[in-house]
Amino acid sequence: MNSLTGPMNAGLKRNSRLTPAARLGAHGAGPMDAGRNRNSGRTPAARLAPCGAGLLGAAILALLLSGPGIGQAASFSQIVDIVQPKMVKIYGAGGIQGLESYQSGFLISAEGHVLTVWSYVLDTDLVTVILDDGRKYQAELVGADPRLEIAVLKIEAQDLAHFSLNQAVPIQAGDRVLAFSNLYGVATGDEPSSVLHGNVAATTSLSARRGAFETTYRGNVYVLDAMTNNPGAAGGALTDRRGQLAGILGKELRNSLTNTWLNYAVPAAELVPAVDDILAGKVRPRGDDESARKPLDPVTLQALGIVLVPDVLSKTPPFIDRVIRETPADKAGLRADDLILFVNDRIASSCRAVRDELSYIDRIDEFRLTVQRGQELLDVVLHAER
Amino acid sequence: MKLRGLSPLPNRFRTMPLHRVWLRLVCCSLPLSFCLLPLLAGSAAADVQEDEERALKAAVEAVAPAVLRIETFGGLEKVDSVLVGTGPTTGLAVSEDGYILSSAFNFVQKPSSILVTLPSGKRATADIVARDESRMLVLLKVAADEKLLVPQAVPRDEMVVGQWSIAVGRTFELGQPNVSVGVLSATNRIWGKALQTDAKISPSNYGGPLVDIQGRVLGILVPLSPQRQGEVAGAEWYDSGIGFAVPLADVYAQLDKLKSGSDLKPGLLGVSLKRGDIYATPAEVAACPAKSPAYEAGLRVGDTIVEVNGKPVARQAQLRHALGPHYAGDQVQVVAERKGQRQEFVVTLAETIEPYERPFLGVLPNRDPPPEGGGVPVRFVFPGSPAAQAGIQAGDVLTALGDERLPDSRTLQDGIARLEPGNAAKLVRLRDGEPQDVTVALATVPSNVVDQLPPARGDLPLPDQRPAVGKVEIKLPEEKNEAFAWVPENYNPQVPYGLVVWLQSPQEYDFEKLAERWKSHCEAHDLILLAPKSADARRWLPTEVDIVRKLVDSLAVNYPLDPRRVVVGGYQAGGAMALLVAFGHRDLVRGVAVVDASLPRGGAVPDNDPIERLDYYVGLAAKSPQAARIRAGVEQLQKIKAPVTVTEMGDTVRDLNDEELSELARWVDSLDRI
């Protein structure tokens with residue numbers, strides 16, 4: 001465990017930035033948080049599956065539950081019964097400064113391997129796992145993948161109900177899903193975890209825009225339309241409507257594009273190689289830091305011959321103030337008053353964003369600027385050294 | 001339940017995959033599904049959930065080409081303390097030739113450039129053509145030739161609470177719309193302007209459509225709030241299960257007007273209604289200024305509105321519901337009862353109402369019990385006022401205004417309030433028992449405070465039984481705020497007292513000191529002082545506005561108050577809080593006194609109202625960091641013709657000195673001026 005203390009602390013730090021805001025809600029972080037706060041109040045009550053299913057859904061569900069002789073189509077309640085024994089509650093470090101000392105996880109082998117998220121909760125020698133039936137175990141940390149923010153724990157038990165990661169299913173926008181987790185630590189002992197019902201809102205990549213999400217994970221996620229990602233829910237299981245594993249609920253994450261909280265899960269398929277490596281005892285590489293990918297000698301506005309308008313506001317629109325003669329920008333036909341919109345198809349909506357985007361482009365590489373001139377959109381190919 | 005289109009299948013079904021037909025039938029008729037389902041169990045249709053899922057996806061697919069991604073560039077970062085997002089937003093195509101509707105929330109940052117990604121994947125620039133300031137929508141026009149696909153709108157009368165409603169946006173991925181599934185929760189929310197859904201509505205789908213199971217559009221998703229106006233109002237309810245959409249059918253009716261570039265504004269009738277609970281009180285017109293649409297259509301003070309566009313109006317809230325969906329320029333049919341007779345009027349709603357300016361006669365009524373046979377004994381005549389010019393003197397008794405007899409000063413105040421500055425008012429004056437007609441030309445309320453006031457009443461003997469005087473604690477059992485009142489030693493319960501609620505800055509709460517300063521004024525002017533303390537020792541919270549109100553109500557149980565002289569005031573933070581209390585409780589507060597405090601930022605100043613009078617007293621130090629904003633606020637108040645008294649306090653920021661405090665006390669004493 002000692003070898004993990006370093007990176008674990010980093011995790012703790014990241015979370016301590018994130019979580020207090022989540023805890024403070026309306027008081028601490030502006031009115032946009034009020035919705036979140038209300039969700040917080042409401043979510044523990046959302047124990048039953050069909051809460052969001054709509055009248056028709058609920059009516060039909062009721063029929064399915066009561067109707068005799070319906071064999072093949074398993075009802076949500078039957079599915080819940082099948083999934084619950086695979087869920088575990090995890091208790092560890094935390095409990096101070098608004099950091100919860102619990103999270104969720106699920107079994108991925110009959111021998112007691114538990115998949116969960118990698119967080120400060122695991123940053124202690126005493127991690128406790130409680131099974132669905134109330135049995136309590138000390139868990140050992142098998143390994144973690146800091147980039148995917150997942151960890152695998154092991155308890156000494158046999159013949160356990162579990163999900164097979166290899167049999168996980170892909171899901172799409174519009175699909176109905178169930179989310180199992182111990183959000184807010186509502187369940188204790190042998191109480192089953194909480195079930196939420198919703199639909200996949202979208203499948204998207206967290207790296208679509210730089211800095212939009214404060215996480216090292218850069219792959220695809222399922223965005224959900226249920227309030228799945230509340231404190232304690234991280235590490236929970238997302239299943240399709242048949243109870244087949246689809247993903248793992250992620251940590252609380254703010255979407256800075258909309259200033260709202262994101263409800264999401266990481267697709268199980270994204271985790272398979274990492275879990276295999278962890279189980280095989282291989283050390284996974286550190287998370288790749290975005291800034292490490294920056295070139296040593298990036299493109300600058302100066303090198304291009306572009307002078308932007310004075311950057312007075314935090315979101316000053318990137319209008320070109322002047323183009324220096326005989327520079328790459330001049331030769332490419334850029335003019336004063338052009339508004340820069342995209343750098344290599346990445347949106348750059350302020351002077352600051354333009355500078356930031358350019359810092360990822362090597363001076364020796366060609367790249368594309370999209371500018372607006374009047375009502376017209378123009379694409380310009382630039383090269384700093386030509 | 002109606003079985004729609006069972007035989008023969010309507011065209012829509014023929015083009016539909018079979019499972020959707022089946023589902024459509026189930027949707028049409030739940031009882032049908034009750035009998036069908038057990039029969040179908042085990043057959044191909046056993047997996048109802050799968051069919052539902054497919055139908056939901058098909059609905060999204062059907063509308064998807066009309067759901068467009070919008071990107072904005074530049075602009076503000078924060079609006080009304082809400083951090084504005086920078087991500088893509090959503091719009092809905094509403095006409096082939098490039099018109100797109102979206103939520104005003106998406107453009108609140110006033111971007112310098114707007115781009116729309118068309119179905120072909122091409123980006124095109126767009127401009128805002130017009131805004132709907134009632135439903136918080138914007139209409140964009142893209143500069144491109146590409147034909148857009150226009151979705152079908154669900155007619156209002158086909159919407160049923162409980163039906164599927166799917167929120168669609170295009171913010172996460174360009175190629176795949178994001179969805180949230182729910183049901184229609186209500187069809188007439190926000191004063192009849194919006195639908196409500198429990199699908200998760202947030203910046204990730206504001207501006208996108210709410211669609212039914214067939215992919216037809218129910219409405220455009222927008223944040224809205226029943227209480228507040230503005231682009232970001234209601235955004236605090238994001239993802240909460242309470243989401244709103246403006247019915248597309250309603251918007252289509254106004255589309256040509258929007259396309260022509262005219263903004264749509266909420267329509268105003270131009271009446272003030274009789275005071276009272278809007279859910280219990282009939283809509284009796286208490287004031288109706290001469291230039292208002294209602295007056296021009298023939299409505300008059302005293303009429304009770306009983307019907308609007310055929311909808312009965314028994315209570316004031318129903319009137320608000322009936323008028324809510326209407327825009328400025330709309331004609332509405334109003335039926336009012338006048339002396340038991342129903343009369344019909346056609347009113348053209350206005351965008352703005354000429355601000356009401358209170359007329360001024362120039363008298364202060366005496367506060368002795370009214371004389372035998374009624375009338376208004378004059379306590380004081382303002383020098384230079386219309387009353388002074390007409391020869392009215394202190395001691396005269398005014399007995400009639402026009403043809404109306406005056407039983408008390410309240411009748412005179414209401415009668416004058418109905419007129420306008422410049423109007424002639426005919427009064428009957430009684431002097432030494434001799435009636436005499438006088439005609440005055442009404443002026444406007446003066447901004448200065450008179451130097452001296454005669455006593456408001458004669459000496460009355462104190463009764464044996466009196467409630468406690470001196471320092472009195474006022475405690476609300478449910479709140480932790482402390483509050484003390486100062487009741488003057490000469491308190492006489494037969495006389496209604498004025499009230500000064502003084503809100504001290506939270507760090508400087510000192511009741512004894514405050515009471516010491518006000519004691520003599522309380523005795524001289526029949527005033528009670530109330531000083532609530534903020535619960536948080538560092539600041540006043542906006543939620544405490546209602547606590548202040550409750551404290552006043554609680555005090556009034558034992559000490560009857562003069563409703564014309566209830567004042568809230570304070571210095572700096574206390575003053576800012578006083579304004580919130582005054583604006584939040586117009587029915588209670590008649591004067592607000594602020595020292596070195598400016599009008600709330602971004603908040604609308606309430607209109608000047610003939611019935612719910614609100615006078616302002618502003619203390620201003622030239623070198624205050626707030627000075628510029630305070631002066632701007634005063635100008636704003638003068639523009640809406642509110643009566644404002646400004647006291648220049650020199651350079652340095654400070655609280656009122658003794659001289660200014662006695663001026664303030666005289667101002668409070670003269671708030672019942674007519």
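Take "buried" to mean a relative accessible area under 20%. With that in hand, and remembering that this is a predicted model, let's start with helix α4 of chain B, residues 48-63. Its buried residues are B:Val48, B:Gln49, B:Asp51, B:Glu52, B:Glu53, B:Ala55, B:Leu56, B:Ala58, B:Ala59, B:Val60 and B:Val63. Acidic side chains are on that list too, B:Asp51, B:Glu52 and B:Glu53 among them. As for geometry, the 16 residues of α4(B) reach 23 Å from first C-alpha to last, close to the 22 Å expected at 1.5 Å a residue.

A quick look at chain A before we go further into chain B. Chain A has 8 helices and 20 strands, and 57% of its 386 residues are buried. If you take the contacts in chain A between residues at least 6 apart in sequence, 64% of them join residues at least 24 apart.

Back to chain B and its nonpolar interior. The largest nonpolar core has 53 residues. Which residues have the most contacts inside it? They are B:Leu101, B:Val116, B:Leu140, B:Ile166, B:Leu224 and B:Leu248. Pick B:Leu140 and click through its surroundings: beyond its neighbours within four places in sequence, B:Leu140 is in contact with B:Ile70, B:Gly98, B:Tyr99, B:Ile100, B:Phe107, B:Ile114, B:Val116, B:Ala126, B:Asp127, B:Ile128 and B:Val129. One of those contacts, B:Tyr99, also has a charge over its ring: B:Lys141 lies over the face of B:Tyr99, 5.5 Å from the ring centre. Apart from the largest core lies another one, of 49 residues, including B:Val495, B:Val568, B:Leu588 and B:Val644.

Now for the aromatics. A pair of aromatic rings is described by the distance of the centres and the angle of the planes. Over all chains, a search of the whole structure turns up 12 aromatic pairs. Take B:Phe360 and B:Phe382: their ring centres are 5.3 Å apart and their planes meet at 70°, and since over 60 degrees counts as edge-to-face, that is what this pair is. The pair links distant parts of the chain, with B:Phe360 in strand β21 and B:Phe382 in the loop between β23 and α8, 22 residues apart. Both B:Phe360 and B:Phe382 are buried. Add B:Phe380 and you have one aromatic cluster made of B:Phe360, B:Phe380 and B:Phe382.

A second pair, B:Phe484 with B:Phe511, is tilted, at 5.6 Å centre to centre and 45° between the planes. Here B:Phe484 sits in strand β30 and B:Phe511 in helix α10, so the pair ties together parts of chain B that are 27 residues apart in sequence. Again both partners, B:Phe484 and B:Phe511, are buried. B:Phe484 has a charge over its ring as well: B:Lys471 lies over its face, 4.3 Å from the ring centre.

B:Phe511 brings us to α10(B), residues 511-525. At 1.5 Å a residue its 15 residues should span 21 Å, and the end C-alpha atoms are 20 Å apart, which agrees. There is still a kink of about 45° in α10(B), centred on B:Trp518. What does this helix bury? The buried residues of α10(B) are B:Phe511, B:Leu514, B:Ala515, B:Trp518, B:His521, B:Cys522 and B:His525. They pack against β29, β30, β31, β32, β33 and α14 of chain B.

Two backbone details deserve a stop. B:Ile190 has a phi near 50°, a positive value in a residue other than glycine. B:Ile190 is found in the loop between β10 and β11 of chain B, and its 8% relative accessibility counts as buried. B:Lys641 also has a positive phi, about 65°, although it is not a glycine. B:Lys641 lies in the loop between α13 and β36 of chain B, and at 36% relative accessibility it counts as partly exposed.

Last stop: B:Glu284, in strand β16 of chain B. B:Glu284 is partly exposed, with a relative accessible area of 27%. B:Glu284 and B:Leu273 are 11 residues apart in sequence, and their C-alpha atoms are 5.5 Å apart in space. Not counting residues up to four places away in sequence, B:Glu284 touches B:Ser272, B:Leu273, B:Lys274, B:Gly302, B:Asp303 and B:Thr304.

How values were computed. Residues are numbered from 1 along each chain as its sequence is written. Chains are lettered from A and ligands numbered from 1 in the order in which they are written. This is a predicted model: local features need pLDDT of at least 70, side-chain atom pairs count only at pLDDT 80 or more; totals for chains, interfaces and linings use all residues. Side-chain values use heavy atoms; hydrogens and water are left out. Rings of Phe, Tyr and Trp (its six-membered ring) pair if their centres lie within 6.5 Å; planes under 30 degrees apart count as stacked, over 60 as edge-to-face and the rest as tilted. Helices (H or I, at least four residues) and strands (E, at least two) are DSSP runs, numbered from the N terminus. Buried means under 20% relative accessible area, exposed over 50%, partly exposed in between (1.4 Å probe, protein chains only). A charge sits over a ring if NZ of Lys or CZ of Arg is within 6 Å of the ring centre and within 35 degrees of the ring normal. A nonpolar core is a set of buried Ala, Val, Leu, Ile, Met, Phe, Trp, Tyr and Cys residues joined through side-chain atoms within 4.5 Å. Contact means heavy atoms within 4.5 Å. The expected span of a helix is 1.5 Å times one less than its number of residues. The bend at a residue is the angle between axes fitted to the seven residues ending there and the seven starting there.
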